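Please consider the structure shown below with its surface charges and its cysteines in mind.

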Amino acid sequence: RRDLARQLVMYACYKQVLPGSHDSGGLRAFLEGEGCDILDPEEAAANFLMCLGRPRVAAGIVLQALQLPAALERALVESCREERARSVRPRAVSMFHELRPPPCINASLALGRAAAAAEQLLPPEGCTGLRVSIEGAGRYKFSTTCTEDYDESASLFLATASDVARSALHLPQSAEEVSDNTSAPCADRDMSGLPSEHPTLNIGLIGDVANGKSTLCKALTGKRTQQHSSEHKAHGATIRLGYANCCVLRCCNASCPPPGCFSTAPDDGAAKTINCKVCGSAVAVKRRVSFVDCPGHAELMATMLSGVSVFDAAIVVASANAPCPSPQAAAHISALAAAGHTLMGNIAIVQSKADLLFPSAGSGSAAVVLGQLEQHAVRAAEALRGSVAEGAPFFPVATPHGVGLDAVAAWLAELPARPVGALIAAPRMHCLRSWDVNYPGSHAARVKGGVVGGALVQGTLRAGDVVEIRPGYFTEQVFADKKGVRCTQHHFSVEPLLTRILHTQSGEKELACVGPGGLVGLATTLCPTVSTEDRLQGCVIGRPGTLPPVWELLSLSPVAAVSDASQSLETGSGDSDDDAARLDLLQVGGELRLHAGSDSVLATVKKWRPKRSRLVVALQRPLCADLQSSIAIEARFGETYRLAAHARIADGTQCEILQPDLSCGHLSSLISHPEIEVGKGLEFADTPEVEPREPEGGALIASLTALPDVLEMSVDLHDLELFRERFLDEFLSKRGSSGASQGLTMPPPELSREGGAHCLWKNFLRTVAKLSRPAAHVMSFLASEGMSGHRAGEVTLCSYTWLQHRKMRLAESLQELCAAQAIPADEWEQCVFITTCTGHQVRASAAQDFTKEDFPLEVSLKDYALRLGSRGLGGPGKISQKLCGLMRLYARTFVICHQCRSACTRLERDRRLSHTGVELVCSGCSARRFVPSRFSVAA
């Protein structure tokens, strides 16, 4: 700018007008108004040219004082503006606003319409077009781009855009949207049956923590149910309800004996590539089921109870090497009865981790293991007498080895089908999960509505249906006494949600229609803020006008204590004192946690009449449930809650229901539907379907005519001796008759002093070979324990002559030498060198053909030892003792399996878990556990 000022020969002009500070139109006053420092005429000229490039700068008085020609004045202003536009870079300007549509059916469409209306605004000068993106639940980012000269204009532009978006949210729906809302539910509904890919039953996986529920689910379905980020942070522990679908397959060969003819496959078309493992014939899909993986922690009992409402059957997973049922497993079994489900006869007990009985069996392990499995089942059957799990079959399994899973598949195939009447009733769905599928940063004009997941207990739903969600929105009125003390009585006004289903899905498949059985997801037009982070969990979904009432005060009767099967296991008989102690937890003014369907609500005891078995509670938020529906009651027990009793809703006070704003017609137009002919719709339920297959490998193509013969063969699921013997034979055939795990024996450290400050660990590589771990990983561990060192040492292993080379090739000799030295293969390739008689040295891994003149060859091992700092640690004897302790600690942490005590393990890095990424995986029992990841390990 100074060069430009000098070239224009305006130095004298600026010097002349600069002293006019007393004049409001002087250059000094102008520069002070623009925030520029004034040093001398030359600096003032440069500052003036810089300010002249800004838009809308009133510099006319100064330009007139300079008495420049008009052409020069215009050229000067344009040049300064071009220079500023080139040098000043644009930047993003953004504001965050909350957009919440009013209650309506098409809330997500209203949000997208509001964002599109805001983006259609014309940007002011210097700003780019507006973009509205999703920032989080209910928060939207309004952003544009401009230079610092247009910051004020950009702020006004963003504020105007937010006002336009809020105004657009309250506009009435278009005629097209109203037509979609009113016509879809009244369309002719084809109720001839659900899609063939639809699961028919929900199977709950319950039991104590770390007993193998998720492992069994993954073996049957091929899916890991721990999908939430909180579960990844907790090292893969089950914290939320997990869901997975699978197909139960049956061999098409009628002579193939059960249960070996049954198997499972992931519900993703994998059944097309599976043959029967017994006879090799083709397989057909017997039925499809969904699994609900429940957490086993006592603190997560409420999560388990929320999933019980959708169970059609349950599998109790109990470790075979621990008493059954454990206290937590007994609480889960009691919860099945407390929730009011009649699952008697639809419960099985899986004796997991049965392979762990072999290491403790010793000699004659087969007979000992059979006796232990039988004794485990007998004691469990006695403890479960009188519970809903009485008479349940026992199936021993070794899930990591895939042994015993065919018996579980046979039990799944033999479960009774759902009654036909469940399909023709008014649809009702229990919501188990709800979430927002919009990623932060995505375009708000294409916002997607909330998604709800759960299971229908009756009726069918499809895309286009308008459904009601209760309780929905609610407001609370708090009553206080004369002293101003807040009372425990709550009064709620409830406004149910109305939304339209966009599409339905089960697992990874989008279905045209969903019904009872299986876990489904509904993509709706709900506002994403309403459904984010499981905010709709526990709600009831159905056709408008058909849902149960919403309660704020409940009268429960009769109230019965929950019996605990673990008490029978300890005392040998039922304990009535324990039942009385559980009812004693119900105290007036005490806090309870009630479970109805998939909902959990805190409540306060208002009245408790033990003799009349009547309990009156005030709810802390609304609860949607039918009269006479079952309620599971958890009472405060110390810092946690304990399952105490169960009851039924006898009476109560209902909430005030505010009619939602339909915005698309009358309520009668939404709930009208044609009558459905009884007997149609579930004929497909348990009919095996045939997957088309190519006749590869001599496999047979299943046909419908062959399936009736297959169904005639059945298996006695209560023949426990048969399943135990089959398990033993199959397990021993896979692992061998010994069934013993391989232990670990490490050589003692061989140390020698090297100078006054170091010791040399000579057999370091041999120890690393025993551990089957990288040397760098062991060295990182030693350094963390204060035993840092580095590789050193060189030793000659042998001399190789031409005569020896003629008898045995060099590569074969090196292999024998590697086996004799017990050095890991990767270390052998890096540390072994071959030196010719001429002094040329190469690595053994890169050795080429040598001529006769190169012999004799000298094979040497470099960096075979570990040089350790010994200052202040004592002599080799004390250092050897410390190394032995550290190696035992290393083996327990990074080598030994804590489940089967085997040393046949490996380290794996899970790239999905960046903060807890290293797992120890056992090759014998396939157990997995996380290990510290701060040490270097190969990916």
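The following paragraphs treat charged surface patches, then cysteines, then two further residues in their local settings.

The model is a predicted one. On its surface, Glu374, Asp716, Asp719, Glu721, Glu725 and Asp729 together form a patch of negative charge. Helix α22, which spans residues 720-735, supplies the largest share of this negative patch, namely three residues. Another member of the patch, Asp716, is found in the loop that connects α21 (707-712) with α22. The relative accessibility of Asp716 is 49%, and this residue is therefore classed as partly exposed, since the partly exposed class extends from 20% to 50%.

A patch of the opposite sign is made up of Lys607, Arg609, Arg612 and Arg614, which gather on the surface as a group of positive charge. Within this group, Arg612 occupies the loop between strands β23 (599-609) and β24 (614-624). With a relative accessibility of 65%, Arg612 is counted as exposed, because exposed residues are those over 50%.

The cysteines come next. How many disulfides does the model contain? The count is zero, where a disulfide requires a pair of cysteine sulfur atoms within 2.5 Å. Cys127 illustrates the reasoning: the closest cysteine sulfur to its own belongs to Cys146 and lies 4.5 Å away, which is too far for a bond. Is Cys127 buried or exposed? Its relative accessibility is 10%, so Cys127 is buried. Cys513 likewise counts as buried, because its relative accessibility is 4%; the limit for this class is under 20%.

Two further residues complete the account. Val368 belongs to helix α14, which runs over residues 365-383. At 30% relative accessibility, Val368 is assigned to the partly exposed class. Between Val368 and Leu357 the separation in sequence is eleven residues, while their C-alpha atoms lie 8.7 Å apart in space.

Thr838, by contrast, is located in a loop, the one between β31 (832-835) and β32 (841-843). Its relative accessibility of 61% is the reason why Thr838 is counted as exposed. Thr838 and Phe855 are separated by 17 residues along the sequence, and the distance from C-alpha to C-alpha is 8.7 Å.

Conventions
Residues are numbered from 1 along each chain as its sequence is written. This is a predicted model: local features need pLDDT of at least 70, side-chain atom pairs count only at pLDDT 80 or more; totals for chains, interfaces and linings use all residues. Side-chain values use heavy atoms; hydrogens and water are left out. Patches are made of residues with over 30% relative accessible area and no salt bridge: like charges are joined within 9 Å, nonpolar side chains (Val, Leu, Ile, Met, Phe, Trp, Tyr) within 5 Å. Accessible areas come from the Shrake-Rupley method with a 1.4 Å probe; for residues, only the protein chains shown count as cover. A salt bridge is a side-chain nitrogen of Lys or Arg within 4 Å of a carboxyl oxygen of Asp or Glu. Lys and Arg count as positive and Asp and Glu as negative; His and the chain ends are not counted. The place of a charge is taken as NZ of Lys, CZ of Arg, CG of Asp or CD of Glu. Helices (H or I, at least four residues) and strands (E, at least two) are DSSP runs, numbered from the N terminus. Buried means under 20% relative accessible area, exposed over 50%, partly exposed in between (1.4 Å probe, protein chains only).
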